[in-house]
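User: Hi! I am new to reading protein structures and would love a close look at one part of this one.

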Amino acid sequence: MLTLDSPITLDDAAISSPNLCGRFGDDDLKRIGIECWDGYDRDEQSRAHWLKRNEAGMDLALQIQKDKNFPWPGCANVAFPLVTIAAMQFHARAYPALVSGTDVVKCAVFGSDETGEKSAHADRVSRHMSWQLLFQDKCWEEQEDKAILNLSIVGTNFKKSYYSGAKAHNVSELVLAKDLVLNYWSKSVEDSPRKTHKLPHFRNEVHENVMRGKWRDCLEESWYAAMPAPQRGVTQTHQDNRQGVTPPQADDATALLFLEQHCNLDLDNDGYAEPYIITFDERSKYVVRIVTRFDRESDIERVALGKHKGKIIQIKATEYFTKKTFIPSPDGGIYDIGFGVFLGPLNEAVNSLVNMLLDCGAMQTTGGGFLGRGAKIRGGTYAASPFEWKRVDSTGDDLRKSIFPLPVNEPSQVLFSLLSLLINYTSRVSGTTD
């Protein structure tokens, strides 16, 4: 349980403050940073198995070829694009259905509307919000395009909606599931006790936030002054391998990883954990910003009568994240499944069958076998090329008797039929329109 030396007073000034860090001492801020990081670490551990499955599914979608030396070095290593095809088919159907012309937002009318006033109001709101998304927010359409494709592979992603002071308009940005850390067994985004958004910031961005007074001054801290090391977690390593990039060396262009945690903490020591947004550096746990996750006093429900009069009953928190689901997770976890997991085993089986058929064809085409003592041929490995004749010290009859080709069966028709069956069933699963 978090214990502070100098708890704050939750008044109007605290609610409207752009940063509450100045109200706490260094020791209290350190305790808050450790408390938030511990919660983030527990949430990461709870979803570790999902992350592993997700990485495997993404490898299949991007047709990543893994090192393979069986049955021999240089054997067939084809990654068949089953997951890729399924994701592209879904994207081709979903995108025009979701982004159709300029009417992206459509408002519904509830209740009687004899005069048509409600319908007219709904049309005005629809047109204005569609304009906000398609024209005011320049990145929305591109990110929506990416979100649909990512959703079909991973199964879950999020939209973060908020007012951007820097851009002076509302923003709805894509947040990938790997970058939003929740406890895997949370019932919903709204009911999750913590939501931690991973936000890389370059040094210039950190400097700007400090100079604007948005963040606590950290420019003289050792973790900021030192050369930042590249983030090389397991997830980042897999991502670099998929994209075929080399990890950068530590320099000024390396981003610092900050964690923006939407959580409930009792910072006023009244026994009720209020909703806050706390931003801190991932490695040093240095807190740079604390703000309330509600806007006004009217969002607080208090006891009206009795000995607990004035005590907080509930605070209506502002929710920034909206979850998108492809196929609900059967185990009840908050992270759902996409084609990467759903078709993963089938794709792996198809990869194995294709490679076995190719290896069998290679063995039958290239030949090879055994040489008896009667074949007077110099030692070493011999490979025959077209239009090439090799000199030997044996007669043709001796060669015929001393060379025994390795018996190799032709590619199996049974394996080919099984391959066709798996591809057919995969197409039926991924091609459903229901």
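User: In which sense do strand β5 and strand β6 pair, and over how many bridges? Please show me how this part fits with the rest.

Analyst: Happy to help! Please keep in mind that this is a predicted model. Strand β5 covers residues 256-265 and strand β6 covers residues 274-281; the two pair in the antiparallel sense, over eight bridges. To see one of these bridges for yourself, find Glu 260: its bridge partner in β6 is Thr 279.

Now let's widen the view. β5 and β6 belong to an open sheet of five strands, which follow the order β3-β4-β5-β6-β7 with antiparallel pairing. The edges of this sheet are β3 (180-181) and β7 (287-292), each of which pairs on one side only. While you look at the sheet, one general idea may help you. In a regular strand, side chains alternate between the two faces of the sheet.

A useful companion to your pair is formed by β1 (residues 156-164) and β2 (residues 169-176). They too pair in the antiparallel sense, over eight bridges. Here you can look for Tyr 162, whose bridge partner in β2 is Val 171. β1 and β2 make a hairpin, with four residues between them. In that turn sits Ala 168, which has a positive phi of about 65°.

Next, let's step back to the whole protein. Its secondary structure comprises 13 helices and twelve strands. The radius of gyration is 31 Å, well over the 22 Å that the globule rule gives for 434 residues, so the protein is more spread out than a compact globule. You can also picture a box around the C-alpha atoms: along the principal axes, it is roughly 110 × 65 × 40 Å.

Contacts along the chain are worth a look as well. Taking contacts between residues at least 6 apart in sequence, 65% join residues at least 24 apart. As for burial, 39% of the 434 residues are buried. The protein exposes about 25700 Å², with carbon and sulfur atoms supplying 54% of that area. Among its side chains, 50 are positive and 58 negative, and the centres of these two sets lie 5 Å apart.

Three residues in helices let you try out these ideas. Start with Asn 351 in helix α11, which spans residues 344-366. Asn 351 has a relative accessible area of 9%, so it counts as buried, the cut-off being under 20%. Setting aside neighbours within four places in sequence, Asn 351 is in contact with Leu 60, Val 78, Ala 79 and Phe 80.

Thr 365 is also found in helix α11. Its relative accessibility is 69%, and because exposed means over 50%, Thr 365 counts as exposed. From Thr 365 you can draw a line back to Arg 289: the two are 76 residues apart in sequence and 67 Å apart in space, C-alpha to C-alpha.

Finally, find Ser 430 in helix α13 (residues 413-430). With 5% relative accessibility, Ser 430 counts as buried. Not counting residues up to four places away in sequence, Ser 430 touches Ala 86, Gln 89, Arg 93, Phe 339 and Leu 343. Ser 430 and Phe 342 are 88 residues apart along the chain, yet a separation of 9.5 Å lies between their C-alpha atoms.

Methods: Residues are numbered from 1 along each chain as its sequence is written. This is a predicted model: local features need pLDDT of at least 70, side-chain atom pairs count only at pLDDT 80 or more; totals for chains, interfaces and linings use all residues. Side-chain values use heavy atoms; hydrogens and water are left out. The radius of gyration is taken over C-alpha atoms; the globule rule is 2.2 Å times the number of residues to the power 0.38. Buried means under 20% relative accessible area, exposed over 50%, partly exposed in between (1.4 Å probe, protein chains only). Contact means heavy atoms within 4.5 Å. Accessible areas come from the Shrake-Rupley method with a 1.4 Å probe; for residues, only the protein chains shown count as cover. Lys and Arg count as positive and Asp and Glu as negative; His and the chain ends are not counted. The place of a charge is taken as NZ of Lys, CZ of Arg, CG of Asp or CD of Glu. Two strands pair if DSSP finds at least two bridges between them.
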